[in-house]
Amino acid sequence: MNHTRELLLKLRDVIQNGALPVENVPLADIRQCVYAELQVNRSTFTERQYADVLNRFEILCTNITEGETDRGKILLLMDAFILCVDMLSQSVYTLANREYWNYKHRADKDDPEVAEIIDYIDKRGRIDLISYDFVEEYQNLPVAVEVDGATGMRYVPYKGRKMFFPRTWDENRIVSYYRSVVMEQDGRSPHCYDKEPYGVKEGDIVVDAGAAEGIFALDCVDRAAGVYLIEADPEWIEALEQTFCGDRDKVRIINGFLDRFHEGSHVSLDGLFESEEIGYIKMDIEGAEKAALEGADKLLERCGNIRCAICSYHCREDEDSIRRTLQNHGFTTDTSQGYMCPNWTLEAYLEAQLRRGIVFGSKVRT
């Protein structure tokens, strides 16, 4: 961001002193440069705020067209662009520094899980979704991306199996994604699905909602009696079919959006499993977890020996809501260790929010 500001200042200087004739000012390129900064920092805005920012930016840009010869107007536009970048830079820096987080979490300063996050932010000057030191161990993790001769699809060897990826993904994208998902399942991660005594047991029927690349199912398929993979993104369906091609006797793939109702492309757990005894549910469905649990009311009540791992970081109230729903059905609950730092909205930044990544539940009927 500082590089963009420096470039804008240099351009303004040469425009002002006449070294760059006004008719040669690359306005389109300058606009694109500032627009790129807005895109890079869009995670600090809500969708509505980002739309408003883009609208104001477009109005600013359309007031002066390519080929403008009025030096005063161009200099005014440059000042506006510099101010825009300055505001982004200052707000992001302010929100991602130790003093700010110490102030927001002064009541939690003795909590080692919170202190480690503050130390992480202090050392790196940024907020990541998982802001703990162990993530650095995965930044350069060797990843072997291979091509399957039969399908032409790329895969990564994983625990003696092949984890396939969408055909449209190139090697760099696969390497980055693979590193992130194995990092998330590190035992030190607040996003790790595995926690005793809430894990998958021998002979469980498992539901993996939000299966994506299938890492959770790959970790438990051998000890499960059956696995249902529910995935809304059609890009992942072909990849999952190849990843589990050798497990067709026990793995079923369902392309649909898990929801509170069962209709069309939307599926509910009650609609899918009217009588089957489910032993385990893992759910990571981008903030739709609460709705999906509403659509599992009968299943959660009916099944007597069941455990679950439900993502709880997408929305601020998710942990309390998910725990309350499970407890109302007779579950005992717990959470993953550590916290996740939601880094996709300005509100979350401003409040320096910390959220538990997973709510675990267990119900045993004697």
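Let's start with one pair: the side chains of Arg188 and Asp186 meet in a salt bridge at 2.9 Å, N to O (a salt bridge being a side-chain nitrogen of Lys or Arg within 4 Å of a carboxyl oxygen of Asp or Glu). Arg188 counts as partly exposed at 39% relative accessibility, while Asp186 counts as buried at 10% (buried means under 20% relative accessible area, exposed over 50%, and partly exposed in between, with a 1.4 Å probe and protein chains only). This is a predicted model, in which local features need pLDDT of at least 70 and side-chain atom pairs count only at pLDDT 80 or more, while totals for chains, interfaces and linings use all residues. Residues are numbered from 1 along each chain as its sequence is written, and side-chain values use heavy atoms, with hydrogens and water left out.

**Overall picture**

- The secondary structure comes to 14 helices and 12 strands (DSSP runs numbered from the N terminus, with helices being H or I of at least four residues and strands E of at least two).
- Of the 366 residues in the protein, 49% are buried.
- Taken along the principal axes, the C-alpha atoms fill a box of roughly 85 × 55 × 40 Å.
- Among contacts between residues at least 6 apart in sequence, 65% join residues at least 24 apart (contact means heavy atoms within 4.5 Å).

**More salt bridges**

- The whole structure holds 23 salt bridges.
- Lys123, Arg124, Asp133 and Glu136 are joined into one network by salt bridges that share partners.
- Lys162 and Asp148 form a salt bridge at 3.5 Å, N to O.
- That pair links distant parts of the chain, with Lys162 in strand 3 and Asp148, 14 residues away, in the loop between strand 1 and strand 2.
- Lys162 is partly exposed, with a relative accessible area of 35%, whereas Asp148 counts as buried at 11%.
- Lys159 and Asp219 meet in a salt bridge at 2.9 Å, N to O.
- Lys159 lies in the loop between strand 2 and strand 3 and Asp219 in helix 8 (residues 215-220), so this salt bridge ties together parts that are 60 residues apart in sequence.
- Lys159 counts as exposed at 65% relative accessibility, and Asp219 is partly exposed, with a relative accessible area of 29%.

**The sheet of 3 strands**

- An open sheet of 3 strands has the order 1-2-3, with antiparallel pairing (two strands pair if DSSP finds at least two bridges between them).
- Strand 1 (146-147) and strand 3 (161-164) are the edge strands, each pairing on one side only.
- Between strand 1 and strand 2 (residues 154-158) there are 2 bridges, and Glu146 has Tyr155 in strand 2 as its bridge partner.
- Helix 7 (residues 171-184) lies across strand 2 and strand 3, at about 30 degrees to strand 2 (axes are lines fitted to C-alpha atoms, for helices over the stretch in contact, and angles run from 0 to 180 degrees between N-to-C directions).

**The sheet of 7 strands**

- A mixed open sheet of 7 strands runs in the order 6-5-4-9-10-12-11.
- Strand 6 (251-255) and strand 11 (332-335) stand at its edges with a single partner strand each, so one side of each is left without a neighbour in the sheet.
- From one strand to the next, the twist averages 15 degrees.
- Strand 11 and strand 12 (residues 358-364) run antiparallel and are joined by 4 bridges; Asp334 has Phe360 in strand 12 as its bridge partner.
- Helix 9 (residues 234-243) packs on this sheet, touching strand 5 (226-231) and strand 6, and its direction makes about 165 degrees with that of strand 6.
- Helix 13 (residues 318-328) also packs on the sheet, touching strand 10 (305-311), strand 11 and strand 12.

**Cores and buried residues**

- The largest nonpolar core has 63 residues, and those with the most contacts inside it include Trp101, Ile117 and Phe165 (such a core is a set of buried Ala, Val, Leu, Ile, Met, Phe, Trp, Tyr and Cys residues joined through side-chain atoms within 4.5 Å).
- Helix 7 gives the most to this core, with 6 residues.
- A second, separate core of 27 residues includes Tyr228, Phe273, Ile306 and Phe331.
- Leu269, in helix 10 (residues 269-272), counts as buried at 0% relative accessibility.
- Leaving aside neighbours within four places in sequence, the contacts of Leu269 include Val207, Ile230 and Leu299.
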